[in-house]
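I open this notebook to keep track of what I look up in the structure, one topic at a time. The entries follow the order in which I went through it.

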Amino acid sequence: MPTMLEFKGVSHRYGNTPSVHQIDLAIDDGQVVSLLGPSGCGKSTILRLAAGLEQPLEGEIYLNGELIASPTHMVAPEKRGIGLVFQDYALFPHMTVKENILYGLNTQKISAAEKDKRVHEVLDHIDLLGFEDTMPHQMSGGQQQRVALARALAPKPNLILQDEPYAGLDSRLRERIRDDMLHILKELGTAVLMVTHDSEEAMFMSDNITVVREGMVEQSGRPIDLYCRPSNAFVAEFFGEVNRIDGKISNGKLMTPFGAFAVPGRADGRDASLIIRYEGLVIEGSGTPDADVPNAEVMETRLLGRYSLVHLSMAHHNGEELHLHARVPGLNMFSPGDAVCLGLDESQVFIFQRRLTPSQNI
Ligand code: ADP
C-alpha cells in the first residue's frame, strides 16, 4: 500500500525545550494510526509538524512522496490537503452548520454549486442532513463533533489529523461517537493520524499504534503486536494495569516466586523486571502447603461488575512481602485471609531488562 505520510528522523524544539527527537513514522493510504503516550511526550507536536504549524529542526516529512517539510523547506499548511480536527479548531459558535462546513472549503477553487453539493455530501455521511441552518449550541456534543469532522472532510483531504477528538465527551457517548467516526472514515478511505493518551481508544480505532515517550518512538505496530509483544515495560504498562517484580539478573535469569525467567540480552548484575498483567495472574484454587506451588494470601477483594480485583500478598524468596493484584472474571469466591495457589497466563507475562530512561540517553 502506498505511503501517505512519512516522517524521517524528525526533531523539533520549542526554543530550548526539546519536543520530539528523530521521529520515524509512516501512514499508509486509508490507514488509521494513533499516537499514544503520556501528557507532554510530544504527540501534539507531531501533529503540528504534519499540519505545517511547526517546522522540523532535523529530518524530512513527505506527503504522497512529496517533500512538505524539512529545516530548509516548508509547504504552507493550506497547500498540504490535510484536514484538521483539533480542539483549538472548534466550530465557530456564531455560524450555522452549513457556514462552518463552507468555511472548510474557503481555500478551494470550486463553484458555489459544487460547494453546496459537498456540504450535502458530508452531512449525508455524518447523518446530519437537515441540520444545515442549525447553530452549534443547539446540537449535542456528539453532533458537534461530527460537524467538526464534516468540516475537515469537505475539502476531500487525503489525510485527517485528530488531536484527542473525543476527550471532551462523557465515556458512553465517546464510545458511540468514535464507533460512528471510524465507520465514516473507513467508508471514505481517508487516512487518519490521531492523538490519544487512552490505550483502549487507540486499540479500538487504529490499524497501527505508535507509542511515544519523551519525544521518541518506543514502539510501532498493530494493536495486537503492542498488546501481545510489548518491547519494553513502558509499553506493557501502557496497555493495562500490571504487577511488577524487580530483581537482579544472575546467570542470565531473574529469580521470582514464580520461578526463574531467562532475560533476553542477559547481562548479569543488571536490573530486570517481570511484568504480569492483572489478568495474567491466575488464582488456581485454595492453597496447599506445597513448596513447589506459589502460595499467597488474599488481602482484599473488590467486585467491579464483570470482574473482581483481588489483592494478594505473597512471600518473595528475598524475604520481602510482594503485593500483587489479579483480575478474575465474574464474582470471585475468595475472602480476606484465604490461602490460594497462584499461576501465570504466560501470554500476559513479560520479562525485560531495565534500561536507562530515554531522557538519560539523549
Ligand atoms: P503531548 O501532546 O504529548 O501532551 P506536546 O507535543 O504538547 O505533548 O509537548 C511536547 C513538549 O513540548 C512538552 O515538554 C511541552 O511542555 C512542550 N511544548 C508544547 N508546546 C509548547 C509551546 N508552545 N512552547 C513551549 N513548549 C511547548
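Before anything else I set down the cut-off I rely on: a residue counts as buried when its relative accessible area is under 20%, as exposed when it is over 50%, and as partly exposed in between. I also note that this is a predicted model.

**Entry: helix H1**

I applied that cut-off to helix H1 (43-51) and found that seven of its nine residues are buried, so the helix is largely enclosed by the rest of the structure. The buried residues of H1 that I listed are Lys43, Thr45, Ile46, Leu47, Leu49, Ala50 and Ala51. Just after H1 I came to glycine 52, which takes a positive phi of about 95 degrees.

**Entry: the whole chain**

I then stepped back to look at the chain as a whole, where I counted nine helices and 21 strands. The C-alpha trace spans about 80 × 45 × 35 Å along its principal axes, and of the 362 residues in the chain, 47% are buried.

**Entry: the ligand**

Which residues are found around the ligand? I wrote them down in sequence order: Tyr14, Thr17, Ser19, Pro38, Ser39, Gly40, Cys41, Gly42, Lys43, Ser44 and Thr45. Sorted by character, the shell divides into three nonpolar residues, seven polar ones and one charged one.

I next looked up distances to oxygen atoms of the ligand, and noted three of them. A polar backbone atom of glycine 42 is 3.1 Å from an oxygen atom of the ligand, and a polar side-chain atom of lysine 43 lies 2.9 Å from a ligand oxygen. For serine 44, an N or O atom in the side chain is 2.6 Å from an oxygen atom of the ligand. As for cover, the ligand has 560 Å² of accessible area on its own, and the protein covers 59% of that area.

The elements that give two or more residues to the shell around the ligand are strand E2 (17-28) and helix H1. H1 gives the most, with three residues, and I recall from my earlier entry that this helix is largely enclosed by the rest of the structure.

**Entry: an open sheet of three strands**

I turned to a sheet in which three strands are arranged in the order E12-E15-E21, with antiparallel pairing, and which is open. Strand E12 (242-248) and strand E21 (349-353) stand at the edges with a single partner strand each, so one side of each is left without a neighbour in the sheet. From one strand to the next, the twist averages 20 degrees.

How many bridges pair E12 with strand E15 (residues 271-277)? I found seven bridges, with the two strands running in the antiparallel sense. As one example of how they face each other, isoleucine 245 stands opposite leucine 274 in E15.

**Entry: the hairpin of E13 and E14**

In a regular strand the side chains alternate between the two faces of the sheet. I saw this along strand E13 (residues 253-256), where Leu254 and Thr256 point to one face and are buried, while Lys253 and Met255 point to the other face and are not buried.

A hairpin joins E13 to E14 through two residues, and E13 pairs with strand E14 (residues 259-262) in the antiparallel sense over four bridges. Lysine 253, which is on the face of E13 that is not buried, stands opposite alanine 262 in E14.

**Entry: positive phi values outside glycine**

I also noted residues other than glycine that have a positive phi, among them glutamine 22, whose phi is near 45 degrees. Glutamine 22 is found in strand E2 and counts as partly exposed, at 47% relative accessibility.

Asparagine 64 has a positive phi as well, near 50 degrees, and its place is in the loop between strand E4 (58-63) and strand E5 (66-70). With a relative accessible area of 46%, asparagine 64 is partly exposed.

**Entry: glutamate 297**

Last, I looked up glutamate 297, which is found in strand E17 (residues 295-303). Its relative accessible area is 40%, so glutamate 297 is partly exposed. I compared its position with that of glycine 337: the two are 40 residues apart in sequence, and their C-alpha atoms are 5.9 Å apart in space.

Technical notes
Residues are numbered from 1 along each chain as its sequence is written. This is a predicted model: local features need pLDDT of at least 70, side-chain atom pairs count only at pLDDT 80 or more; totals for chains, interfaces and linings use all residues. Side-chain values use heavy atoms; hydrogens and water are left out. Two strands pair if DSSP finds at least two bridges between them. Axes are lines fitted to C-alpha atoms, for helices over the stretch in contact, and angles run from 0 to 180 degrees between N-to-C directions. A residue is near a molecule or strand if one of its heavy atoms lies within 4 Å of it. A polar contact is a pair of N or O atoms within 3.5 Å; within protein, one must be able to donate a hydrogen and the other to accept it, and residues adjacent in sequence count only if both atoms are side-chain atoms. Accessible areas come from the Shrake-Rupley method with a 1.4 Å probe; for residues, only the protein chains shown count as cover. Ala, Val, Leu, Ile, Met, Phe, Trp, Tyr, Cys and Pro count as nonpolar, Asp, Glu, Lys and Arg as charged, and the others, Gly among them, as polar. Buried means under 20% relative accessible area, exposed over 50%, partly exposed in between (1.4 Å probe, protein chains only).
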